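Me: Could you take me through the strands here, slowly and in plain bench language? Please start with the background I need to read the numbers.

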Amino acid sequence: MGGPAELRRLILVTLVIALIGGTMALVGCGGDESSDGEASDATMLWDEIRGHNGWDKAPGYRSMQPAEGPHGDQVLIFVNDDMSAALEGTGETEWPVGSIVVKEFFEQGDIIGMVVMEKRDDGRFWGSYSPTGEVYDSGLDLAACEDCHADGSDGVLGFSLP
Ligand code: HEC
């Protein structure tokens, strides 16, 4: 049985642990917010494209095509319903907000990565991933992607607005 001194020690130790825990939680939280909100946007986008293998393929990409871009030697391009609907329309001057296009790229038949563009109301969001969803690069109007894609059809190079 511990005496009052031992009890005080226990309370002190508990307090110190609570304090350290609290501080770590605070630091952890702050870290998350400052560490690139765009990285978590990219993770959310990855979740949205999980089912992309069941999406429509882009015009001209019903089967694997030789890559003209910097990614891999062959590519497959998928579009979500919003983009697919826009492609069936006429006279669109922009992809509707919510449009997503996914390019899988291959090297000698093996998938080596995926790149994605999502049309948002604040611009074009770009993401580059490993085949398992590790984020390599991402961002809104990302210069590394816009360098080429700004010349496209509202950002798209492989096919055009209808
Ligand atoms: C050197 C020019 C170049 C750069 C830089 C580039 N791309 Fe592309 N991208 C292309 C070309 C060309 C295509 C057409 C398909 C193909 O042949 O690969 C394409 C296709 C795509 C597509 C399919 C939709 C479309 O436009 O046809 C996506 C999505 C994409 N790129 C994402 C990205 C992302 C994300 C980045 C930046 C990390 C990026 N690209 C950087 C040239 C480029």
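Reply: Burial first: a residue is called buried if 20 or more other C-beta atoms lie within 10 Å of its own, exposed if 12 or fewer, and partly exposed in between, with C-beta atoms placed from the backbone. By that count, 23% of the 162 residues in the chain are buried.

Two bits of housekeeping. Residue numbers start from 1 along each chain as its sequence is written. The model is predicted, so local features need pLDDT of at least 70 and side-chain atom pairs count only at pLDDT 80 or more, while totals for chains, interfaces and linings use all residues.

As for confidence, pLDDT is the predictor's own score for each residue, from 0 to 100. The chain averages 87, and 80% of its residues reach 70 or more. Residues 22–35 fall below 50, and in the model this stretch has zero contacts beyond near neighbours in sequence. (A contact means C-beta atoms, placed from the backbone, within 7 Å.)

Now the layout. Helices (H or I, at least four residues) and strands (E, at least two) are DSSP runs, numbered from the N terminus. There are four helices and seven strands, in the order α-α-β-β-β-α-β-β-β-β-α.

Let's start with β3 (74–79). Five of its six residues are buried. Strands count as paired if DSSP finds at least two bridges between them, and β3 has several partners. It runs antiparallel to β1, joined by two bridges, with Lys57 opposite Phe78. β2 also pairs with β3 in the antiparallel sense, again over two bridges; here Pro66 is matched with Gln74. With β4 (100–107), the antiparallel pairing covers six bridges, and Val75 faces Phe105.

The loop from β4 to β5 holds a small oddity at Gln108. Its phi is near 50°, a positive value in a residue other than glycine. Most residues other than glycine have a negative phi. Gln108 has 8 other C-beta atoms within 10 Å, so it is exposed.

Next come β5 (110–120) and β6 (123–129). They make a hairpin with two residues between the strands and run antiparallel, joined by seven bridges. One of the matched pairs is Val115 with Ser128. Because six of the seven residues of β6 are buried, this strand is largely enclosed by the rest of the structure. On from there, β6 pairs antiparallel with β7 (135–140) over five bridges, and Phe125 sits opposite Leu140. That hairpin has five residues between its strands, and in it Gly133 has a positive phi near 100°.

What do the strands pack into? A nonpolar core here is a set of buried Ala, Val, Leu, Ile, Met, Phe, Trp, Tyr and Cys residues joined through C-beta atoms within 7 Å. The largest one has 25 residues, and those with the most contacts inside it include Ile77, Phe78, Met83 and Val116. Elements giving two or more residues to this core are α2 (37–48), β3, α3 (81–88), β4, β5 and β6, and β3 has the largest share, with five. Nonpolar side chains do tend to be buried together in soluble globular proteins. As for Met83, leaving out residues up to four places away in sequence, it touches Trp95, Ser99, Ile100 and Val101.

Several of these strands show up again around the ligand. A residue counts as near it if its C-beta atom, placed from the backbone, lies within 6 Å. The shell has 26 residues, and the closest are Gly69, Val115, Cys145, Cys148 and Gly158. β3, β4, β5, β6 and α4 (143–149) each give two or more, with α4 giving the most, five. Ala, Val, Leu, Ile, Met, Phe, Trp, Tyr, Cys and Pro count as nonpolar, Asp, Glu, Lys and Arg as charged, and the others, Gly among them, as polar. On that basis the shell splits into 15 nonpolar, seven polar and four charged residues.

One last stop, back between β1 (56–57) and β2 (65–66): Gly60 sits in that loop. It is exposed, with 11 other C-beta atoms within 10 Å. Setting aside neighbours within four places in sequence, Gly60 contacts Gln65, Gly158 and Phe159. Gly60 and Phe159 are 99 residues apart along the chain, yet their C-alpha atoms are separated by 7.4 Å.

Note on methods
Two residues are in contact if their C-beta atoms, placed from the backbone, lie within 7 Å.
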